[in-house]
Amino acid sequence: MNNLKLAVRGVTRNKRRTLLAAGSIAVALMTMIVLNAFMDGATKQTEEKVIENTGHVQLYAPGYYDESRTLPTDIAVGDLGRTLAEIRGMDGVVEATARIQFGGLAMTPERELTGLFIALEPEEADRIHGYADKVVGGRYLTDSDTDGCLVGYHFAELLGVGVGDRLTFVTQTSYGALTAGDLVVVGLVATLNPAVDEAGVLLRLADAQRRLELENAATAVVVTGEDADKSDELKQRLLAMLNAGVELQEEPSRTVVEETRGEVPLFAEAAPTGGFEEPVEKLSAPTREGFEGFTWFELNHLIFDIMNQKAQMQD
């Protein structure tokens, strides 16, 4: 009881000091509340932007994810039409679209720069990524724009191209041969995704399939569901359906096709053409059996790990 009286006396003896201390505590608490609210809002905005860029789930052929930084086109999902029909018919799937990403040179008569090429289905991709709302010049790409493209606004500045101009791209097919094509710029986009704005070219999936020898195939399928928080459940259901009856291996076997490629050896025995004989080289088909899948969180876990570490440091 005496301790309580002493405490009350200490508080009331110097009211100014007490008010200053109480005010400092209130300001500190308010700052913590504001910072926590800011972090929660920033996290939510980051999640929304990530989902806009990646969808809820992405599906690849086995082994693609481990090599994804090199943008391989020789590890692809085959039988694409049937695959997309199955995915789009699953309960809980809102949208699904195929995509091919590949690296190459973007060239104009004056310049050539390394670019990121994203081949997509214009209408379906827009419903997931909202590209049409990000057009800042010209118009959005349509299914009828054969050999048309969208270019990231800053990449267009670097290349010196605008709407209506042509650019040439050079890359490799899924079998490793060089290929090139001309594209007409129908629009410029500002997506807030540095990879697209600084070095991106968006073209039709059908045009890329033709140039890359990926008929009825793609390197990824992007899927959105009804609830981002249930993405892992959606992924598991998709993989269970698509991999039913498929025996997955750590190093998946690949269908082998015979195709004549490579250098011609000199002085081949019994060569009917005076010492030159072209060998038959066995090349692996780019499509693989089976699927692997990753949610938007798994694809971007490093971003959220860093944000969580910052939040813990502030706490």
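## Largest pocket

The largest pocket has a volume of about 1000 Å³. This is a predicted model. A total of 29 residues line the pocket. Nearest its centre lie Thr54, Ser68, Gln101, Leu299 and Asn300.

Several helices and strands share in this lining. Helices H2 (15-54), H3 (64-67), H7 (194-199) and H11 (301-314) each give at least two residues to the largest pocket. So do strands S1 (57-60), S3 (93-107) and S4 (112-120). Sorted by class, the lining of the largest pocket holds 13 nonpolar, eleven polar and five charged residues.

## Largest cavity

Searching the whole structure for cavities of 30 Å³ or more turns up one. The volume of the largest cavity is about 40 Å³. Its lining consists of Thr97, Ala98, Arg99, Ile118, Leu120, Ala125, His129 and Tyr131.

S3 provides the largest share of that lining, with three residues. S3, S4 and H5 each supply at least two residues to the largest cavity. S3 and S4 also each supply at least two residues to the lining of the largest pocket. By class, the cavity lining counts five nonpolar, two polar and one charged residues.

## His129

His129 is one of the residues lining the largest cavity. His129 sits in helix H5, which spans residues 122-129. Its relative accessibility is 6%, so His129 counts as buried. The cut-off for buried is under 20%.

A polar atom of the His129 side chain lies 2.7 Å from the backbone oxygen of Glu52. Beyond its neighbours within four places in sequence, His129 is in contact with Glu52, Asn53, Thr54, Lys134 and Val222. One of these, Thr54, is also among the residues nearest the centre of the largest pocket. His129 thus lines the largest cavity and touches a residue that lines the largest pocket.

## Whole chain

The protein chain has 315 residues, and 41% of them count as buried. Its secondary structure comes to eleven helices and 14 strands. The chain exposes about 17900 Å². Carbon and sulfur atoms supply 53% of that area.

How are the contacts spread along the sequence? Take contacts between residues at least 6 apart in sequence: 74% of them join residues at least 24 apart. The contact of His129 with Val222 links two such positions.

Terms used
Residues are numbered from 1 along each chain as its sequence is written. This is a predicted model: local features need pLDDT of at least 70, side-chain atom pairs count only at pLDDT 80 or more; totals for chains, interfaces and linings use all residues. Side-chain values use heavy atoms; hydrogens and water are left out. Helices (H or I, at least four residues) and strands (E, at least two) are DSSP runs, numbered from the N terminus. Buried means under 20% relative accessible area, exposed over 50%, partly exposed in between (1.4 Å probe, protein chains only). A polar contact is a pair of N or O atoms within 3.5 Å; within protein, one must be able to donate a hydrogen and the other to accept it, and residues adjacent in sequence count only if both atoms are side-chain atoms. Contact means heavy atoms within 4.5 Å. On a 1 Å grid over the protein atoms alone, a cavity is a set of points where a 1.4 Å probe fits but cannot get out, and a pocket is an open set with protein on both sides within 12 Å along at least five of seven lines; lining residues have an atom within 4 Å of a point. Grid points are joined across faces, edges and corners, and a volume is the space filled by probe spheres set on the points. Ala, Val, Leu, Ile, Met, Phe, Trp, Tyr, Cys and Pro count as nonpolar, Asp, Glu, Lys and Arg as charged, and the others, Gly among them, as polar. Accessible areas come from the Shrake-Rupley method with a 1.4 Å probe; for residues, only the protein chains shown count as cover.
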